[in-house]
Amino acid sequence: NTMNFYLQLIVGFFLAYVIKKIFFTKKDKQIPGMEPSSKDMGNLEDLGRAGSLHQFLVGLHDKYGKIASFWFGTQQIVSISSPEMFKEQQSVFDRPLLLFQLFEPFIGPNSLQYANKDDGKGRRKEY
């Protein structure tokens, strides 16, 4: 019967599609962004060529969208330019200390910027 054949063909394609999605689709989604320009420096030279961190991030988000990544040395950094997306991430408390190392001579190692986990949460409530 021709109708039965076409029904089996459609079901077969559907099952193949589902199996492909379940077993052969990459599970971890990559955050769009730059590849490191240098193994050790990441995208720091690109940041310098942009003129400022602000100009670098504007260009990054123009090219890759509201959520984008770049490399600060060997540390991958995710930047969010959308207020709505930022609100979704507000509960993430701890920040990489690497981002503030540049300012340590100016603000000191005991600055609130370096306080993470329970110490940081307590100090932020206090201030």
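Where does N43 lie? N43 sits in the loop between α1 (2-24) and α2 (44-50). Keep that loop in view, please. One caution before we go on: this is a predicted model.

Let me start with the overall layout. The protein chain has 6 helices and 2 strands. Reading from the N terminus, the order is α-α-α-β-β-α-α-α. Of its 127 residues, 19% count as buried. The accessible surface comes to about 10,200 Å², and carbon and sulfur atoms hold 61% of that. Now contacts along the chain. Take those with a separation of 6 or more: residues 24 or more positions apart account for 33% of them.

Back to N43. Is N43 buried or exposed? N43 counts as buried, because its relative accessibility is 0%. What surrounds N43? Leave aside the neighbours within four places in sequence. N43 is then in contact with M34, E35, P36, S37, F56, F70 and W71. With W71 we can be more specific. A polar atom of the N43 side chain lies 2.7 Å from the backbone nitrogen of W71. There is also G73. G73 is 30 residues from N43 along the chain, and their C-alpha atoms are separated by 6.9 Å.

That takes us to the strands. Strand β1 covers residues 67-72, and β1 pairs with β2 in the antiparallel sense over 6 bridges. Which residue of β2 stands opposite F72? The partner of F72 is Q75. The hairpin of β1 and β2 has 2 residues between the strands. In that hairpin, G73 takes a positive phi near 70°. A general point about strands: in a regular one, side chains alternate between the two faces of the sheet.

Stay with β2 for a moment. S79 is found in this strand, which spans residues 75-80. Why does S79 count as buried? Its relative accessible area is 10%, so S79 falls under the 20% cut-off. Which side chain does S79 join in a polar contact? The side chain of H61, at 2.7 Å. Outside four places in sequence, the contacts of S79 are L57, L60, H61, K66, I67, A68 and F70. Notice F70 there. F70 also appeared in the list for N43.

Next, charges. Side chains of opposite charge can pair when their charged atoms come close. How many salt bridges does the count give here? The count comes to 1. The side chains of D46 and R49 meet in it, at 2.5 Å from N to O. Look at where they sit. D46 and R49 are 3 residues apart in helix α2, so about one helical turn separates them. Their exposure is worth a check too. D46 is buried, because its relative accessible area is 14%. R49 is exposed, because its relative accessible area is 61%.

Last stop, the surface. Which residues form a nonpolar patch there? The patch is made of L102, F103, F106 and I107, and together they have about 470 Å² of accessible area. L102 lies in the loop between α4 (83-88) and α5 (104-107). L102 is exposed, because its relative accessible area is 60%.

To wrap up, here are three places to find in the structure. Find N43 in its loop, with 0% relative accessibility. Then find S79 in β2, with its polar contact to H61. Finish at L102, in the nonpolar patch on the surface.

Methods
Residues are numbered from 1 along each chain as its sequence is written. This is a predicted model: local features need pLDDT of at least 70, side-chain atom pairs count only at pLDDT 80 or more; totals for chains, interfaces and linings use all residues. Side-chain values use heavy atoms; hydrogens and water are left out. Patches are made of residues with over 30% relative accessible area and no salt bridge: like charges are joined within 9 Å, nonpolar side chains (Val, Leu, Ile, Met, Phe, Trp, Tyr) within 5 Å. Accessible areas come from the Shrake-Rupley method with a 1.4 Å probe; for residues, only the protein chains shown count as cover. A salt bridge is a side-chain nitrogen of Lys or Arg within 4 Å of a carboxyl oxygen of Asp or Glu. Helices (H or I, at least four residues) and strands (E, at least two) are DSSP runs, numbered from the N terminus. Buried means under 20% relative accessible area, exposed over 50%, partly exposed in between (1.4 Å probe, protein chains only). A polar contact is a pair of N or O atoms within 3.5 Å; within protein, one must be able to donate a hydrogen and the other to accept it, and residues adjacent in sequence count only if both atoms are side-chain atoms. Contact means heavy atoms within 4.5 Å. Two strands pair if DSSP finds at least two bridges between them.
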